[in-house]
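Hi,

Here is the structure I promised to send over. Have a look at it first, and then read on for what I found.

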Amino acid sequence: MTAALSTHGLVARYGDFQALYGVDIDVAEGEAVALIGANGAGKSTFLRSIMGLLPVTPDMVRLDGKPIGGTPTDRMVQNGVAIVPEGRRLFTGMSVDDNLRVAVDQADRFGRKGGWSLERLHRLFPILKDKARTQVQNLSGGQQQMVSIGRALLSQPRVLLCDEISLGLAPKVIREIYAALPEIRAQGTAIIMVEQDVGLAQSASDRLFCMLEGRVTLTGASATITREQIAAAYFGGSHAVV
Amino acid sequence: MQWFDALIQGILLGGMYAQYALGMALMFGVMRIVNVSHGDLVILLSLIGISLASAWGLGPFTVMVALVPLAVAMGWLLQKGILNRVVGDDPLPSLIATFGLSLALQNLMLQIWSANSRSLPGGGIESQSVQIGGIYIGLLPVIVLAFATGLTWGLDLMLKRTRFGRALRAASADVEAASMTGINARAVYASATAIAVGILGFAAVFQSLRSTVAPADGGAQLIYAFEAVIIGGMGSVWGAFIGSMVLGISQAIGFRIDPGFGVLAGHIVFLLVLATRPQGLFGKA
Ligand SMILES: Nc1ncnc2c1ncn2[C@@H]1O[C@H](COP(=O)(O)OP(=O)(O)OP(=O)(O)O)[C@@H](O)[C@H]1O
Ligand SMILES: [Mg+2]
């Protein structure tokens, strides 16, 4: 089976500072993979590199086997890759509805079809219907995260990148948001989720990647990876596993 | 009565300033660009309009029909050719680029039209007025205000209701997030500048009807637009409109106090707003 999205020796740098040293990660249609790692490991950098927000060469990122690395971000979205960015990045000063309609507009513009509509999103997150006219900066963190996820879904992605969607949210809200993932996957959408909460990452994904200082240090099926393996990969070889 | 008259004349004058300020507010709001060549573009368009009128004997509204599409094209080219290369987090490159463009345009206009003042023949509308309750109201200023109101209303509606308007507001709020939602920011910018300069096509006709224009006049128009935008609050369309009214009224009242004090009164109100409410009357803190 060819991967929906795969990276091949992906390197990224900020000026002189190299953040990623050859990362190979892949995700298949309808699959969810989790990417974990300590602060500063390079997880967000990895997702941003896929989206064309950092310079990478074409063959470092492949979509259905086709090299597309370094494609401008807006074209990446047209190609079917969407991101729920770190920090949500909503359009401040605009209503919930307008935030979402921006994504609908762009999908319409390029005739991108998929299963997502405002109505369906309202069924998935009913609060977004009640708050349709509220400006996004007046929402709670959880509601904002739902808008950010909704905006990405309305781009009709085949591959969805999620950067720490649970960050700063109450456990109940996190459960509500993660409960939406199966429906997204059922559509055939592939998901790469960056997650700080290791337990959550493990339970919500099929496979797990752990990253340390710009390199992948562990890969495996989420169901069978042990806590000890994760601890070793997370902190590196110099740290004893207790 | 004298002060009421000043108020009315000030609002009418504000209509002219609003036509300069709208495009400046739009460009600043979306790209954080202060277009230093804004006033020179008005003058350039005015001179082109005057030449068109005298070459073919066109009336002012026929000139407008020709000038607005030309202005739209100029704005689009300005963004595609120059501003898209310098737009970014740092405001300095675009400031330098538009400053350079301003100088280049002034010299170009001097070459083509010489330093002489010219104006657009209006076939009489520029001197018609009606008297209401002891106050003379010029027909042309009323038309100018009506166009300014219509343009502000149309621009506001476009920003609120259309696909392009939403994309523009999104790019203005967070350009990177906009690109992550599929928006081509540079294409949106090109359309925004096309609209901003397109509005100057209207302004150019009215400016050259109500007074004379000469190649070096752009600076004053730039200052008025800039002051109106600051008074109203950067990046808000109705804010720019109200800011223009405040500027016009300040100048008209100052002029009644002492004819030499008119323009200065506008500068003083501008400085007062800047000192006490730097985000502008309608801007968010
Ligand atoms: N804009 C930037 N300029 C320079 N260095 C950066 C920049 N952004 C990130 N870095 C550096 O790159 C490395 C990887 O950062 P990145 O944000 O990808 O980590 P992360 O795994 O997402 O961390 P976190 O869990 O805190 O979000 C870090 O050392 C960080 O300091
Ligand atoms: Mg991160």
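So, to start with the interface: how many residues of chain B are in contact with chain A, and how many of chain A with chain B? Keeping in mind that this is a predicted model, the count is 16 residues on the chain B side and 21 on the chain A side. Between them the two chains bury about 1900 Å², and carbon and sulfur atoms give 56% of that. On the chain B side, Arg166(B), Met180(B) and Thr181(B) lose the most area to chain A, together 36% of what that side buries.

There is some polar chemistry across the interface too. Five salt bridges are counted between chain B and chain A. One of them joins the side chains of Glu176(B) and Arg48(A), with 2.8 Å from N to O. Six residue pairs are in polar contact across the interface, both partners being at pLDDT 80 or more.

Which helices of chain B supply at least two residues each to the side that touches chain A? Those are α6 (163–173) and α7 (175–179). The largest share, six residues, comes from α6(B). Sorted by class, that side of chain B has seven nonpolar, four polar and five charged residues.

Helix α6(B) deserves a second look. Gly165(B), Arg166(B), Ala167(B), Leu168(B), Ala170(B) and Ala171(B) are buried there. Their cover includes α3 of chain A, along with α1 (2–31), α5 (139–161), α7 and α8 (185–210) of chain B.

Now the metal. The magnesium ion (ligand 2) is coordinated by Ser44(A) through OG and by Glu86(A) through OE, at 1.9 to 2.4 Å. Ser44(A) sits in helix α1 (residues 43–50) of chain A and Glu86(A) in the loop between β8 (81–84) and α3 (96–109), so the pair ties together parts that are 42 residues apart in sequence. Is each of the two buried or partly exposed? Ser44(A) is buried, at a relative accessible area of 14%, whereas Glu86(A) is partly exposed, at 40%.

One last spot in chain A is Ile68(A), in the loop between β7 (66–67) and α2 (73–79). Ile68(A) is buried, with a relative accessible area of 11%. Leaving aside residues up to four places away in sequence, Ile68(A) touches Pro58(A), Val61(A), Arg62(A), Leu63(A) and Met76(A). Ser222(A) lies 154 residues from Ile68(A) along the chain, and their C-alpha atoms are separated by 28 Å.

Cheers

How values were computed: Residues are numbered from 1 along each chain as its sequence is written. Chains are lettered from A and ligands numbered from 1 in the order in which they are written. This is a predicted model: local features need pLDDT of at least 70, side-chain atom pairs count only at pLDDT 80 or more; totals for chains, interfaces and linings use all residues. Side-chain values use heavy atoms; hydrogens and water are left out. Donors are N, O and S atoms within 2.8 Å of the metal (3.2 Å for Na, K and Ca); water is not among the atoms, so sites may look incomplete. Helices (H or I, at least four residues) and strands (E, at least two) are DSSP runs, numbered from the N terminus. Buried means under 20% relative accessible area, exposed over 50%, partly exposed in between (1.4 Å probe, protein chains only). Contact means heavy atoms within 4.5 Å. Buried area is the accessible area (1.4 Å probe) that two parts lose on being put together, summed over both. A salt bridge is a side-chain nitrogen of Lys or Arg within 4 Å of a carboxyl oxygen of Asp or Glu. A polar contact is a pair of N or O atoms within 3.5 Å; within protein, one must be able to donate a hydrogen and the other to accept it, and residues adjacent in sequence count only if both atoms are side-chain atoms. Ala, Val, Leu, Ile, Met, Phe, Trp, Tyr, Cys and Pro count as nonpolar, Asp, Glu, Lys and Arg as charged, and the others, Gly among them, as polar.
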